[in-house]
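Trainee: I have not looked at this model before. Please take me through the terms used for it, and show me how each one is earned.

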Amino acid sequence: MHLNYHFFKFLCPQITEIYVGKEILSCFSQRKGELLLEIDQAPWIRLHLKPPTVVLSFPEKFHRAKQNTRDLYKDLIGQRIQSIQEVKFDRSFFIHFRSGDRLLFKMHGNRSNVVFYTKIDPLPKEIFLTNQIEDKTLDPNLLEKNLDLSYEEFERLEGNASQFLPSLGAIPRAWLKSRDYPQLPISEKWQLMQLLLDYLESPLYYIVEQGDSYDISLLPEGKFEKQANNPVQACNELNYFAVVKNGFEREKNRISKEYSDEIKRTKAYLQKAISKLDELKKSPPPSQLADVIMANLYLFENGKAVLHDFYSNTQIEVSLKPNQKPQEYAEKLYKKNKNRKLEWSQLEKNIAQKEARLQDLEDSLSEINAIEHGRDLKKYLKKEDLNPSRKKEEAPLPFKIFEMDGYPIWVGKSAKANDEMLRNYTKKNDWWLHARKVAGSHVLIKTGKLSEPPEKVLHTAAALAAYYSKSKTQTLAPVIYIQAKYVRKVKGSPPGAVVVEKENVVMIEPKGPESLFKS
């Protein structure tokens, strides 16, 4: 409600008394959407126009940054203020200067702006937010409205509050609605409207919570955060609640949600991993069936046999695939058993890591929830390196980085990351690798000016390509390797999908970083 006529009609006389005759010393911006006017021997005028928070305040002190500030409205410097006047029934006010120049504060919510007019030109000379294109030709005379507030007009409009008094704003309209205004007969609507206007003509100034932010209410009813003695104090209090306090709460909630979401994901992973590990522990190893088959090869006829399982002391029926020999099936089971041991070991390792991570997350969540002040939150952000702007600047690379004998080896983190690595980080002489005919990570060997990497480096990268693919559990896996200039992305193809114009293939045992890069 601080952005409408009913508040400005009390604010403007007060700030006229404060600023009349005062000289503009500087005008600048040092944050996106923030404008500051430095005025000789008077409070600053500070305007925060970054949606969804639009706030006007009058701080006694302000320290201008040494860098990244932009001077504005240079024609205003040295000018003296003559008066400050609200625009009738509009969400705007003017600062009038003795020279005849004017500065319009157009407080139209997300379309707010500050527009400078010279004495000789009816169109704006300079606007603060240049993306508000319509303000470049804004005629200030069209802002003022003359409203007929008679009962006859009210009756003609059938008591429609928004049409009768468009300047009311959200809080007064909600006040009317809470008293069943739409259902009342016209005479009672009129009485309620007159009561509301009486309140707005002799206002009190309350800081109230409005959804996810705060506002100023001129009405004497309802829950409020703080009461101010005058409009200027109300603006300054609102700046604290809407910009400082709300910013603190928003940032704290953001971090808390990130922790909570990761805790939820970690618990879900642990539940599945522990269940999978229990299943592995309870199920007999595939090698037992392989032992039984190898001990009874002579019993197989036409791909079938009923065998005595000497591990469980039971009879079991084994059926082979067409043209499959029992020795081949047993070999497959032994390989599966080897992979089972690896999976068992990896699951135990992953579970231990995730449990430790879960404890860290829960401790961090408790710590962030206990923070009550912005200063403590800033210290926490710095300590944990959680500054969102820094995260944006330091966006993570789309690949993991390894090295073998001085050659960087990059492994894409996902299908989309594979595309980004190929598009933005690949040189035509780099060597590109990928597990053949299965999904997996793209792998690059950065060779610089060399035409081909050494065999050891190539085999290391191929082992990684096989490991980070669907061929991970194979004893040997085919891996394509070719210079990157023969690999291209087709427009419209799925993430990670490419066309390889020619290829070489190497058979390699899949190996992960832990076995390849042992210290």
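Mentor: Begin with a definition: two strands pair if DSSP finds at least two bridges between them. Note also that the model is predicted.

Trainee: How do you know that strand S1 and strand S2 pair?

Mentor: Strand S1 (residues 24–29) and strand S2 (residues 34–39) are joined by four bridges and run antiparallel. The rule asks for at least two bridges, so S1 and S2 count as paired. In this pairing Phe-28 has Leu-36 of S2 as its bridge partner, and Cys-27 stands opposite Leu-37. The hairpin of S1 and S2 has four residues between the strands, and there Gly-33 takes a positive phi near 80 degrees.

Trainee: What makes S1 and S5 a pair?

Mentor: Two bridges join S1 to S5, and the strands run antiparallel. Two bridges satisfy "at least two", so S1 and S5 also count as paired. Phe-28 has Asp-71 as its bridge partner in S5.

Trainee: Why are strand S4 and strand S5 called edge strands?

Mentor: The open sheet has five strands in the order S4-S3-S2-S1-S5, with antiparallel pairing. Strand S4 (53–57) and strand S5 (70–71) each pair on one side only, and these are the edge strands.

Trainee: What makes S1 "mostly covered"?

Mentor: Five of the six residues of S1 are buried, where buried means under 20% relative accessible area.

Trainee: Why are Phe-310 and Tyr-311 called partly exposed?

Mentor: Partly exposed lies between the cut-offs of 20% and 50%. Phe-310 has 42% relative accessibility, so it counts as partly exposed. Tyr-311, at 43%, therefore gets that label too.

Trainee: Which residues touch the most other members of the largest nonpolar core?

Mentor: The core has 68 residues, and those touching the most other members are Tyr-73, Ile-95, Leu-103, Phe-105 and Met-193. Helix H1 (residues 5–19) gives the largest share, seven residues. Another core, of 24 residues, lies apart from it; among its residues are Tyr-407 and Ile-508. In general, nonpolar side chains tend to be buried together in soluble globular proteins.

Trainee: How many aromatic pairs are there, and why is Phe-8 with Phe-93 called edge-to-face?

Mentor: The count comes to 26 aromatic pairs. The ring centres of Phe-8 and Phe-93 are 5.2 Å apart, and their planes stand at 70 degrees. The centres lie within 6.5 Å and the angle is over 60 degrees, so the pair is edge-to-face. Phe-8 lies in helix H1 and Phe-93 in strand S7 (residues 92–97), so the pair ties together parts that are 85 residues apart in sequence. Both Phe-8 and Phe-93 are buried.

Trainee: What makes the pair of Phe-310 and Tyr-311 stacked, tilted or edge-to-face?

Mentor: Their ring centres are 5.1 Å apart and their planes are at 45 degrees. That angle is neither under 30 nor over 60, so the pair is tilted.

Trainee: How do you know that the charged end of Arg-102 sits over the ring of Phe-94?

Mentor: The charged end of Arg-102 is 4.7 Å from the centre of the Phe-94 ring, which fits the limit of 6 Å. Arg-102 also sits over the ring of Tyr-117, 5.5 Å from its centre. The rule further asks for a direction within 35 degrees of the ring normal.

Notes
Residues numbered from 1 in each chain as written. Heavy atoms only, no water. Core = buried A, V, L, I, M, F, W, Y, C linked by side-chain atoms within 4.5 Å. Buried < 20%, exposed > 50% of the residue type's maximum accessible area, 1.4 Å probe, protein only. Phe/Tyr/Trp six-rings, centres within 6.5 Å; stacked < 30°, edge-to-face > 60°.
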